[in-house]
Amino acid sequence: MNFLIADTFTDSLTRLTGDEQKATKTTAFDLQINPATPSLSFHRVDRSRDKNFWSVRVNADVRVIVHRTDRSLLLCYVAHHDKAYDWAERRRIQEHPTTGAAQILEVRETVREIFIPKYVDEAPKPKIAADKSKKLFSSVTDEELLSYGVPTEWLKDVREATEDSILAIAEHLPGEAAEAVLELATGGQPRKPETKKSDESAFEHPDAKRRFKVVTSAADLQQALEFPWEKWTVFLHPDQTALVTKDYNGPSRVTGSAGTGKTIVALHRAVYLARQNPSARVLLATFSDTLASALHHKLQRLLVAEPRMGERIEVESVNKVGLRLYRGNIGAFELVDKITLEALITDASKKVLGHKFSENFLMSEWAQVVDTWQIKTWEGYRDVARLGRRSRLNEERRKLLWDIFSQVIVQLEKKKLKTMAAIFTELAEKLKTVKHPPVDYVVVDECQDIDVGQLKMMAAIGANRPNGLFFTGDVGQRIFQQPFSWKSLGIDLRGKSKTLRVNYRTSHQIRTYSDRLLADEVSDVDGISAVRSDTISVFSGVAPQVSICDTESKEIAAVAAWLNKHIQTGLQPQEFAIFVRDDAQIPRAESAAKLAKIPFKVLDARVETSSVKLSICTMHLAKGLEFRAVAVMACDEEVLPLRERIEAVGDSGDLQEAYDTERQLLYVACTRSRDFLHVSAITPGSDFLGDFKQGSR
């Protein structure tokens with residue numbers, strides 16, 4: 001008999017108390033070992049349309065709902081007695097007549113009313129039709145809807161769907177059907193599910209695997225039950241599974257807007273490579289120590305049932321990897337610090353007469369051109385394309401600049417100091433000559449923020465080997481690095497870049513509002529485009545709230561009231577976060593939490609979120625985090641974009657780039673929220689909020 005677990009079971013498990021969860025897990029293991037054990041008390045759910053639903057006693061009040069046939073036993077749901085029975089009475093499990101995928105179906109007759117949400121505060125609806133009463137699928141045949149996995153008994157509701165009702169109807173449908181109708185409604189072309197093979201179980205269908213897991217061992221069950229709120233450790237969307245398990249003839253990249261599961265794909269890809277290649281060494285890397293720590297934490301959860309595999313998967317920031325490999329392959333070194341470097345550039349500029357370059361311009365030209373590309377000669381600087389730098393420089397001005405920078409290079413060599421760019425460039429050249437690469441496979445998450453030198457090292461390690469390099473990231477979330485050409489460094493991703501389009505983390509309303517901050521289509525320097533407008537969210541919610549207040553005290557009061565409102569509905573302090581642009585605004589966030597009387601913790605670069613407290617941090621540290629409710633405070637006129645950053649732009653042509661990354665920073669902060677978002681500022685507020693609220697961009 002096959003033993004399975006459904007995602008509805010892990011969802012419901014998280015709603016129990018700690019003691020109830022522990023007792024439920026014991027019952028689950030007993031069911032797996034021997035469902036015929038006399039101590040297990042089975043009772044048929046007589047009022048269910050599906051006669052294979054049974055309840056199993058956990059304690060005096062908690063019941064597990066299982067689906068039992070001659071061939072399988074499926075853990076479906078767990079709750080207190082009445083709630084558990086009510087769930088079973090309103091559902092049945094079926095094999096879809098067209099696709100053959102096993103589905104948990106909400107019985108239409110038991111849905112008394114399809115609740116159509118009332119949109120307030122200009123909440124976004126899908127951009128579908130001018131006539132809101134127009135039926136969206138009048139030209140779509142029943143056969144086509146069935147081919148997308150729409151259950152037969154829900155065909156009529158789907159056919160009657162309008163702009164006002166489509167989101168509410170989609171919430172009652174199985175995942176593949178919900179995604180398809182939402183994509184059809186917004187003008188897209190959905191992926192058609194595969195049809196079941198003749199000798200395949202309905203639970204083995206790719207779309208069934210997004211909600212059912214065949215448990216073959218106690219270790220499998222342990223993985224599913226250990227962190228039930230982390231569904232991604234067990235259940236993957238078919239599109240994600242295809243990307244994780246595909247063989248690539250060279251470098252590849254997975255893109256997608258916030259919440260589409262790129263990091264999940266990266267984690268599963270690293271584990272897949274390690275599992276398929278038992279002697280291989282896998283590097284799972286990202287651009288910062290903070291995110292590397294978060295990745296390591298998630299990897300431990302993914303490998304809870306097979307921790308030994310983690311010994312072959314190294315999780316580190318790219319900088320740490322580079323420094324370690326340099327020491328091991330080349331030798332000791334001393335890094336130049338920022339203060340010393342600034343002094344060297346200032347001293348050199350004073351020795352060159354006849355120029356009017358500001359210190360800010362000199363620092364940015366050094367960092368983004370000379371040092372980044374490791375230019376060592378006048379000819380090299382004279383001819384460099386200066387990608388990402390918009391101010392033109394004629395040969396005369398370049399010569400003046402080179403007179404300055406050449407002195408800096410000489411001084412660095414004299415003092416035996418190195419920059420990080422020099423470390424990575426030298427290391428890349430060395431790695432090209434070694435017989436055995438330091439690792440067999442490299443998986444890089446948040447790749448939009450790795451720099452030129454780091455990518456050179458990656459290319460040297462794995463660019464010429466099948467499956468050697470696998471990247472995940474989103475150009476729209478680039479907040480640290482200037483754009484540059486990957487192709488020029490030997491990593492050509494044309495035709496090898498795939499986009500995830502299903503948002504699992506963020507509600508339709510929050511995603512739609514946040515997307516207004518960015519263009520519908522974004523491209524990298526190599527011309528590879530990713531369309532953002534066809535992303536869909538799998539669940540609906542409430543509109544974000546935007547508050548523009550007269551004074552700081554009124555903003556603090558507004559945020560505190562918003563926090564208290566959601567605390568009263570049952571949200572816990574650890575489900576909240578407050579983000580601000582930089583450290584100067586942290587006290588404002590603290591004041592809001594104090595006024596709301598909610599315990600909080602200000603996160604540092606380690607970003608160790610508290611299990612019982614509201615989190616407060618800057619927008620840069622928000623990367624990689626997620627919460628049910630997020631307040632983004634202090635989006636003031638001179639805070640976003642940050643005045644100091646704009647004033648520090650050395651190249652006037654780079655102003656647009658600075659504005660763009662500030663806008664992307666706000667996008668990152670807003671998309672950390674799952675269900676509730678509050679954005680606030682002091683009058684007149686950031687210009688970005690006009691785009692955010694009105695969708696004028």
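Which residue does L284 stand opposite in β11? Hold that one for a second while I set the scene. What we have here is a predicted model, so please hear everything I say in that light.

Okay, the answer: L284 stands opposite V315 in β11. That pair belongs to a parallel pairing, with 5 bridges joining β10 to β11. On its other side, β10, residues 282-286, is linked to β12, residues 441-444, by 4 bridges, and those two strands run parallel as well. If you want a residue to click on there, A285 has V444 as its bridge partner in β12.

Let's zoom out to the sheet. There are 6 strands in it, the sheet is open, the pairing is parallel, and the order reads β11-β10-β12-β13-β9-β14. Which strands stand at the edges? Those are β11, at 313-317, and β14, at 497-499; each has a single partner strand, so one side of each is left without a neighbour in the sheet. Going from one strand to the next, the twist averages 15 degrees.

Now, what packs on this sheet? Helix α10, residues 262-276, does, and it touches β9, β10, β11, β12 and β13. Its direction makes about 165 degrees with that of β10. Then there is helix α11, residues 289-302, which lies across β10 and β11 and runs at about 155 degrees to β11.

While we're on β11, look at its two faces. I313, V315 and S317 make up the covered face, while E314 and E316 are on the uncovered one. So V315, our opening residue, sits on the covered face.

Next stop, a helix pair. A quick reminder: two packed helices are described by the angle between their axes and the distance between the axes. For α13, residues 338-351, and α16, residues 395-414, the axes come within 8 Å and cross at roughly 135 degrees. Angles over 145 would count as roughly antiparallel, and α13 and α16 are therefore oblique to each other. The crossing of α13 past α16 is right-handed. Who makes the contact? From α13 you have L341, L344, I345, A348, S349 and K351, and from α16 there are I404, Q407, V408, Q411 and L412. Sorted by class, that contact comes to 7 nonpolar, 3 polar and 1 charged residues.

Follow the chain out of α16 and you get to the loop before α17, 420-431, where K416 lies. K416 has a phi near 55 degrees, which is positive in a residue other than glycine. Is K416 buried or exposed? Exposed, with a relative accessible area of 68%. T419 is in that loop between α16 and α17 too, but T419 counts as buried, at 8% relative accessibility. Leaving aside residues up to four places away in sequence, T419 touches L335, V336, W366, D371, Q374 and L412. You've met L412 already, as one of the α16 residues in the helix contact.

Keep that phi value in mind, since most residues other than glycine have a negative phi, and most peptide bonds are trans. E446 also has a positive phi near 55 degrees. E446 is in the loop between β12 and α18, 452-462. Here the accessibility is 7%, and E446 counts as buried.

And the peptide bonds? There is a cis bond joining L640 and P641, with omega about 5 degrees. P641 is found in the loop between β23, 627-632, and α22, 643-648. Another cis bond joins T683 and P684, with omega about 10 degrees. For P684 the place is the loop between β24, 673-682, and α24, 688-694.

Last bit: back to the start of the chain. How many of the 5 residues of β1 are buried? In β1, residues 2-6, 4 of the 5 are, so the strand is largely enclosed by the rest of the structure. β1 is joined to β5, residues 72-80, by 4 bridges, and those strands run parallel; L4 has L74 as its bridge partner there. With β8, residues 212-215, there are 4 bridges and the strands run antiparallel. F3 is a residue to look at in that pairing, with V215 as its bridge partner in β8.

That's my tour. Over to you.

Technical notes:
Residues numbered from 1 in each chain as written. Predicted model: local features only at pLDDT ≥ 70, side-chain atom pairs only at ≥ 80, totals over all residues. Heavy atoms only, no water. Axes fitted to C-alpha atoms, helices over the stretch in contact; angles between N-to-C directions. Parallel < 35°, antiparallel > 145°, perpendicular 65-115°, else oblique. Left-handed = near helix turned anticlockwise from the far one by under 90°. Contact = heavy atoms within 4.5 Å. Nonpolar A, V, L, I, M, F, W, Y, C, P; charged D, E, K, R; others polar. Pairing = 2+ DSSP bridges. Buried < 20%, exposed > 50% of the residue type's maximum accessible area, 1.4 Å probe, protein only.
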